[in-house]
Amino acid sequence: MKKLVLSLAALALVFSSGCGYKLVRESDAALPSGVKSVSVKLVKNQTIEAGLEDVFTQELIRRLESDGRIDVRRDGSAEAGLECVITDLNVRPKTYSAQGRISVEEAEMKTRCKLVIPDSESVIWKTGTIVSREEYPVGNDYILNEEAKERAILEACVDTSESIRSRLLDSF
């Protein structure tokens, strides 16, 4: 019995000790020009998808705030403004069924962002074009197809927002 208790204690010690490796994140992001606070302007929507600018803007703010390394201000008092434009949203067939019907479509969203100092309007950082693609199933029900499309577009907004957050906060 004593050997069993000692064996279990040794196993518990081994599993609880770990390797000692842990990911350490800097408490503050090192943004260009020493910027510590950012405001996110309403994203410009150059597509025909109504309301896409609101969905994307809210997701971008959510990602930046949840990171916790920069001060995201909603009152316009930030040192820099993050300005983004959704330049394109294309939905196209991806695969077809044996009967020649579309079975999967792909939503492709293109976005560009820049970080601007409000007083001088000088651009201190920009992304270039970010492309996000999401596939979704298509069937015979129009409403289900539209819901699947909306979920795919939302996921493209999430992916793009995460890419912007990563590029902005992890690259300096």
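Start by selecting Cys157: with a relative accessible area of 0%, Cys157 is buried (buried means under 20% relative accessible area, exposed over 50% and partly exposed in between, with a 1.4 Å probe and protein chains only). Before you click on, note that this is a predicted model, in which local features need pLDDT of at least 70, side-chain atom pairs count only at pLDDT 80 or more, and totals for chains, interfaces and linings use all residues. Residues are numbered from 1 along each chain as its sequence is written, and side-chain values use heavy atoms, with hydrogens and water left out.

**Zoom out: the whole chain**

Switch to cartoon and colour by secondary structure. You should find three helices and seven strands in the protein chain; helices (H or I, at least four residues) and strands (E, at least two) are DSSP runs, numbered from the N terminus. Walking from the N terminus, the order of elements is α-β-β-α-β-β-β-β-β-α.

Now put a surface on. The accessible surface of the protein chain is about 10800 Å², and carbon and sulfur atoms own 53% of that; areas come from the Shrake-Rupley method with a 1.4 Å probe, and for residues only the protein chains shown count as cover. Of the 172 residues in the protein chain, 37% are buried. If you like contact maps, take the contacts with a separation of 6 or more: 67% of them are between residues 24 or more positions apart. Contact here means heavy atoms within 4.5 Å.

**Stop one: the core**

Select Phe56, Leu60, Leu64, Leu82, Cys84, Met109 and Ile164 and show them as sticks. Out of the 34 residues in the largest nonpolar core, these touch the most other members. A nonpolar core is a set of buried Ala, Val, Leu, Ile, Met, Phe, Trp, Tyr and Cys residues joined through side-chain atoms within 4.5 Å.

Which elements give two or more residues to this core? Colour strand S1 (37-40), helix H2 (52-67), strand S4 (80-96), strand S5 (102-117), strand S7 (130-137) and helix H3 (142-170) to see them. H3 provides the largest share, eight residues.

Next, centre on Leu64. Setting aside residues up to four places away in sequence, Leu64 touches Val40, Ile70, Val72, Leu82, Arg165, Leu168 and Leu169.

**Stop two: the disulfide**

Keep Cys84 on screen and add Cys113. These two form a disulfide, with their sulfur atoms 2.1 Å apart (the cut-off is a pair of cysteine sulfur atoms within 2.5 Å). Check the torsion about the S-S bond: at 110°, the link of Cys84 and Cys113 is right-handed. Cys84 sits in strand S4 and Cys113 in strand S5, so the pair links distant parts of the chain, 29 residues apart. Both ends are out of the way: Cys84 is buried at 3% relative accessible area, and Cys113 is buried at 4%. A search of the whole structure finds one disulfide.

**Stop three: Glu108 and two arginines**

Buried or exposed: what is Glu108? Select Glu108 in strand S5 and you are looking at a buried residue, with a relative accessible area of 6%. Its salt bridge to Arg92 measures up at 2.9 Å, N to O; a salt bridge is a side-chain nitrogen of Lys or Arg within 4 Å of a carboxyl oxygen of Asp or Glu. Because Glu108 lies in strand S5 and Arg92 in strand S4, this pair ties together parts 16 residues apart in sequence.

Add Arg133 and you get another salt bridge to Glu108, at 2.8 Å, N to O. Arg133 lies in strand S7, so that pair ties together parts 25 residues apart in sequence. Both arginines are partly exposed: Arg92 at 30% relative accessibility, Arg133 at 47%.

Expand the selection around Glu108 and, leaving aside neighbours within four places in sequence, you will pick up Asp88, Leu89, Asn90, Arg92, Val131, Ser132 and Arg133 as contacts.

**Stop four: more charged pairs**

The structure holds 15 salt bridges. For one of them, select Lys41 and Glu83, whose closest N and O atoms are 3.0 Å apart. Lys41 is in the loop between S1 and strand S2 (44-45), and Glu83 is in strand S4, 42 residues apart. At 42% relative accessibility, Lys41 is partly exposed.
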